[in-house]
Amino acid sequence: MKVFKCPNCASTVFFENTQCVNCNNTLGYNVLTDEFAIPSTYNSNYKNNLKFCYNHKYSVCNWLVENDESNVFCKACELNRKVPNESDAENFKKWKKLEIAKHRLVYQLIKLNLPFQSKIKNNNAIAFDFLSDTNKNNLVTGHSDGVITILLSEADSVNREQLRKQMQEPYRTLVGHFRHEIGHYYWMLLFNNDSDLEDFRNIFGDEKQDYNLALKKYYNQGAPANWNLNFISKYASSHPWEDWAETWAHYLHIMDTLETGNAIGISFSKNQTQIQEFNTSTTPNPYKTDDFKVIFDASIVLTSAVNSLNRSMGLSDIYPFVVPNLVFKKLSFIHNLLKKNL
Ligand SMILES: [Zn+2]
Ligand SMILES: [Zn+2]
Ligand SMILES: [Zn+2]
């Protein structure tokens with residue numbers, strides 16, 4: 001992600017900030033310019049005709065919209081269909097954590113020029129349901145025909161860590177859930193004709209195999225012994241649709257971390273890398289890079305550096321994955337599909 005500045009004092013502001021920590025001005029993210037702004041509704045010295053999204057009043061959104069009556073929610077919040085009620089204090093707090101991850105997702109969809117619209121306006125589009133699971137309703141986090149359900153319990157870090165261990169995953173985050181589930185939605189959009197589907201099947205396998213049966217088999221027997229030669233995660237081995245969604249999520253992880261490295265201006269010295277023909281001295285802007293090999297090589301150098309920093313603090317690796325050659329090919333396939341948009 002970009003590094004943002006306060007429009008008043010030029011101090012760095014984080015993507016989630018609603019106030020500058022240096023000059024105390026109220027500010028928000030202007031999606032139209034990809035900059036932070038001080039809305040004219042807050043300070044009339046700024047003639048930008050901007051106001052906060054309606055969800056700002058619940059402290060779950062800091063995006064700005066044009067100040068006219070037709071604009072209520074921002075592009076990220078208008079995708080919501082079901083959110084917890086204010087009277088439900090526990091879940092209301094969890095909603096905020098989900099929104100932080102969702103806004104990061106939507107920021108990236110815009111960067112990738114991917115189409116998204118609210119299902120409320122267009123039935124083929126996207127709706128987010130943030131729901132509470134109970135013993136009775138058997139809800140799970142998942143995607144179905146554009147509806148993305150994220151369980152509010154995933155926002156509880158203790159619960160999430162328990163699930164991560166139970167599922168034997170090296171990584172489980174809210175932003176990871178959003179990136180995975182939206183992958184299922186874009187699969188429907190991108191592979192809606194036979195020739196594109198053929199390309200997909202050549203690399204990810206035949207998605208016509210029974211999905212429910214495949215998942216059942218995966219949960220009963222686990223991943224095949226050599227899964228790490230072909231897949232980014234154990235779960236990706238369960239069915240080509242899950243392989244796609246897992247790989248898609250990793251593509252978004254790589255693009256976002258690299259954009260952040262680029263925005264900060266992280267540079268590499270030649271002896272930092274074991275990669276032959278490593279041909280960049282600074283972190284490239286991945287959204288402006290055609291060749292996925294350049295993105296991928298820089299990402300390996302960057303994430304191994306940050307993994308080392310994390311280990312210095314006794315924390316887990318930020319990117320605890322090894323990418324086999326076949327997964328590199330799958331990631332390149334996604335990049336080549338999407339770069340037509342960039
Ligand atoms: Zn400031
Ligand atoms: Zn909003
Ligand atoms: Zn999935």
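Welcome! Start by selecting N113: its relative accessibility is 45%, so this residue counts as partly exposed. Keep in mind as you look around that the model is predicted.

**Stop 1: the loop around N113**

Colour helix α1 (89–111) and strand β8 (127–131), and you will find N113 in the loop between them. Now check the backbone angle phi. Most residues other than glycine have a negative phi. N113 is not a glycine, yet its phi is positive, at about 55°.

**Stop 2: D145**

Next, select D145. Which two strands flank the loop that holds D145? They are β9 (142–144) and β10 (147–151). D145 is another residue that is not glycine and has a positive phi, here near 50°. Is D145 buried or exposed? Exposed is over 50% relative accessible area, and D145 has 52%, so it counts as exposed.

**Stop 3: the zinc ion**

Now select ligand 3, the zinc ion, and show the side chains around it. Which residues coordinate the zinc ion? H180 and H184 each do so through the atom NE2, and E242 does so through OE, at 2.0 to 2.1 Å. Along the chain, these donors follow the spacing H-x3-H-x57-E.

Stay here and highlight helix α3, residues 174–190. H180 and H184 are both in helix α3, and because they are four residues apart, about one helical turn separates them.

Try showing the surface of the protein next. Buried means under 20% relative accessible area. H180 has 8%, so it is buried. H184 is buried too, with a relative accessible area of 11%.

**Stop 4: the whole chain**

Zoom out and switch to a cartoon view. How many helices and strands does the chain have? You should find eight helices and ten strands. Along the principal axes, the C-alpha atoms fill a box of roughly 60 × 55 × 45 Å.

Why does the radius of gyration agree with that of a compact globule? For 342 residues, such a globule would have a value near 20 Å, and the chain has 21 Å. Of the 342 residues, 48% count as buried. Among contacts with a separation of 6 or more, 57% come from residues 24 or more positions apart.

**Last stop: surface and charge**

Show the surface once more. The accessible surface of the chain is about 17,600 Å², and carbon and sulfur atoms account for 49% of that. Finally, colour by charge: there are 36 positive and 36 negative side chains. The centres of these two sets lie 3 Å apart.

Note on methods
Residues are numbered from 1 along each chain as its sequence is written. Chains are lettered from A and ligands numbered from 1 in the order in which they are written. This is a predicted model: local features need pLDDT of at least 70, side-chain atom pairs count only at pLDDT 80 or more; totals for chains, interfaces and linings use all residues. Side-chain values use heavy atoms; hydrogens and water are left out. The radius of gyration is taken over C-alpha atoms; the globule rule is 2.2 Å times the number of residues to the power 0.38. Buried means under 20% relative accessible area, exposed over 50%, partly exposed in between (1.4 Å probe, protein chains only). Contact means heavy atoms within 4.5 Å. Accessible areas come from the Shrake-Rupley method with a 1.4 Å probe; for residues, only the protein chains shown count as cover. Lys and Arg count as positive and Asp and Glu as negative; His and the chain ends are not counted. The place of a charge is taken as NZ of Lys, CZ of Arg, CG of Asp or CD of Glu. Donors are N, O and S atoms within 2.8 Å of the metal (3.2 Å for Na, K and Ca); water is not among the atoms, so sites may look incomplete.
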